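Student: I have a structure open and would like to talk through some of its labels. Could you help me see where they come from?

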Amino acid sequence: MKNLLVAQSGGPTAAINATLAGVVECALSSGQTDKIYGAVNGIEGVLSRRFIDLRQKLDSTEKLSLLCQTPAAALGSCRLKIQKREQLKAIAETLKKWEISCFVYIGGNDSMDTVDQLSAYLAEQGIEEIAVVGAPKTVDNDLMGTDHCPGFGSAAKYIAATFSELERDCRVYTAKSVTIVEIMGRNAGWLTASSALARVNGSGGPDLIYLCERPFDTERFLSDLREKLEVQNSVLAAVSEGIRDEEGHYISEQVQSGALDNFGHAYIAGAGKVLEQLVRERIGCKVRSIELSLMQRCAAHIASATDIAESRMIGIKACQCALEGQSGQMAAVIRESSDPYRVSFRSVPVREAANAEKKVPDEWITPDGCGVTDEMLEYLKPLIQGESKVEYRNGIPAHISLYP
């Protein structure tokens with residue numbers, strides 16, 4: 001019998017707990033596991049040996065189902081970058097002390113780097129009895145090696161629904177106005193592109209869409225707005241938080257402190273505010289900016305049923321790989337067909353995803369740089385299909401807590 005450890009890391013999503021549920025479900029049904037531990041706060045919890053018993057915490061199908069509709073990381077998260085061999089040694093010692101044979105780490109690019117480093121270290125040390133496997137998640141959809149990332153579909157559904165509703169609200173007045181919506185995406189504009197899905201039922205959706213893959217020209221932006229305002233009273237624009245000018249400087253740097261996070265990434269929120277002030281000064285019409293911020297990644301009440309189901313399957317696949325001793329692998333979604341939509345779940349070397357970013361293909365951005373193509377919509381549409389059945393208590397969705 002094997003002991004299994006699972007942890008979550010990075011920015012949470014509305015579907016990351018469905019992946020956790022899949023890992024636990026597979027471990028329970030495999031007949032190969034004894035202890036099933038969850039590390040609190042990701043790799044930090046592994047280093048501090050802060051574990052909880054998931055067999056006890058998730059001892060019924062009802063609790064597993066409730067976990068799937070719970071947003072954010074039920075085990076807690078962290079943003080710790082592994083930078084020293086001493087850290088890898090400490091992690092390995094913890095895994096051996098607790099007799100862990102399988103370690104599944106759920107996370108994004110940097111988390112897959114941890115999986116890559118740790119699996120390589122164990123192999124180097126000749127420790128073959130511990131398998132380390134990655135399970136992808138990120139609303140940014142920027143992981144290589146997988147067609148799309150668990151969590152992205154639900155965030156895209158929230159954004160599409162929000163833009164559909166915003167577009168209705170913005171059109172009711174005759175006064176000229178501009179509404180700028182800032183969407184998550186440091187270096188990849190997948191989420192911003194999903195705002196175009198607001199058009200699939202015939203509504204206008206965003207009039208202008210600016211992804212961080214293309215250089216952002218403020219003068220061109222103002223020109224695009226003026227052109228739209230000549231023929232309509234309101235303009236709704238979607239912008240990636242990571243839009244940059246020709247020199248590579250974030251537009252938001254004008255209001256940022258220059259502070260960096262633990263991975264050396266600049267804090268970049270604020271692009272919408274910069275553009276709001278620019279429009280106010282240069283065009284003079286009514287203008288507001290909206291930052292969707294955390295809402296786009298934790299809106300579990302409007303999660304994509306497809307995303308939740310696939311996220312759970314990713315957890316099952318990752319657990320299977322770990323039980324089979326496939327260390328250094330990452331579970332992945334492989335798209336077999338878009339119409340009809342079919343996928344399979346396989347494993348790929350985690351090195352394909354570690355510290356790499358998948359950006360929106362340039363050919364999926366319109367030539368004028370302020371929209372996306374039909375190919376982009378065909379890629380996106382299957383990912384937002386279906387509505388999860390959400391259990392409500394006292395008028396709001398019910399959630400589960402795994403630790404204090």
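**Reading the labels**

Tutor: Happy to! Keep in mind that this is a predicted model. Let's start with the pocket lined by Lys157, Ala160, Ala161, Ser164, Leu197, Ala198, Val200, Asn201, Lys381, Ile384 and Gln385, which is the second largest pocket. About 230 Å³ of space lies in it.

Student: How do the residues of that lining divide into nonpolar, polar and charged?

Tutor: Six are nonpolar, three polar and two charged. Lys counts as charged, and the lining includes Lys157 and Lys381.

Student: Now to the interior. Which residues have the most contacts inside the largest nonpolar core?

Tutor: Those are Val6, Leu20, Leu54 and Leu402, in a core of 41 residues. Among the elements that each supply at least two residues of this core are strand 1 (2–8), helix 1 (16–30), helix 4 (61–68) and helix 12 (305–323).

Student: What is Leu20 in contact with, leaving aside its neighbours within four places in sequence?

Tutor: Its partners are Val6, Gln8, Leu54, Leu67, Ala74, Leu75, Ile106 and Leu402. Apart from this core lies another, of 36 residues, among them Val181, Ile209, Ala238 and Met376.

Student: Why is the pair of Trp364 and Tyr379 called tilted?

Tutor: There are two steps. The ring centres are 5.4 Å apart, and the limit for a pair is 6.5 Å, so the two rings count as a pair. The angle between the planes is 45°; stacked needs under 30 degrees and edge-to-face over 60, so this pair is tilted. A search of the whole structure finds 10 aromatic pairs, and ring pairs also link Tyr37, Phe51 and Trp98 into a cluster.

Student: What makes the Trp364 and Tyr379 pair a link between distant parts of the chain?

Tutor: The two residues are 15 apart: Trp364 is in the loop between strand 11 (341–349) and helix 13 (374–380), while Tyr379 is in helix 13.

Student: And why do Trp364 and Tyr379 count as buried?

Tutor: Buried means under 20% relative accessible area. Trp364 has 18%, so it counts as buried. Tyr379 has 7%, so it counts as buried too.

Student: Asn141 and Ser293 caught my eye. What is noted about the phi of Asn141?

Tutor: Asn141 has a positive phi of about 60° although it is not a glycine. For Ser293, also not a glycine, the positive phi is about 50°. Asn141 sits in the loop between strand 5 and helix 7 (152–170), and Ser293 in the loop between strand 9 (286–291) and helix 11 (295–298).

Student: Why is Ser293 called partly exposed?

Tutor: Its relative accessibility is 25%, which falls between the 20% and 50% cut-offs, so partly exposed is the right label. Asn141, at 0%, is under 20% and therefore buried.

Student: How do you know that Ala73 is buried?

Tutor: Ala73 has a relative accessible area of 14%, under the 20% limit, so it is buried. Ala73 lies in the loop between helix 4 and helix 5 (85–97). Leaving aside neighbours within four places in sequence, Ala73 is in contact with Gln8, Pro12, Ile16 and Asn17. Ala73 and Thr13 are 60 residues apart in sequence and 7.3 Å apart in space, C-alpha to C-alpha.

Student: Last one: which peptide bond is cis, with omega near 5°?

Tutor: The bond from Asp339 to Pro340. Pro340 is in the loop between strand 10 and strand 11.

Conventions. Residues numbered from 1 in each chain as written. Predicted model: local features only at pLDDT ≥ 70, side-chain atom pairs only at ≥ 80, totals over all residues. Heavy atoms only, no water. Core = buried A, V, L, I, M, F, W, Y, C linked by side-chain atoms within 4.5 Å. Buried < 20%, exposed > 50% of the residue type's maximum accessible area, 1.4 Å probe, protein only. Helix = DSSP H or I, 4+ residues; strand = E, 2+ residues; numbered from the N terminus. Contact = heavy atoms within 4.5 Å. 1 Å grid on protein atoms, 1.4 Å probe; cavity = no way out; pocket = protein on both sides within 12 Å on 5 of 7 lines; lining within 4 Å. Points joined across faces, edges and corners; volume = space filled by probe spheres on them. Phe/Tyr/Trp six-rings, centres within 6.5 Å; stacked < 30°, edge-to-face > 60°.
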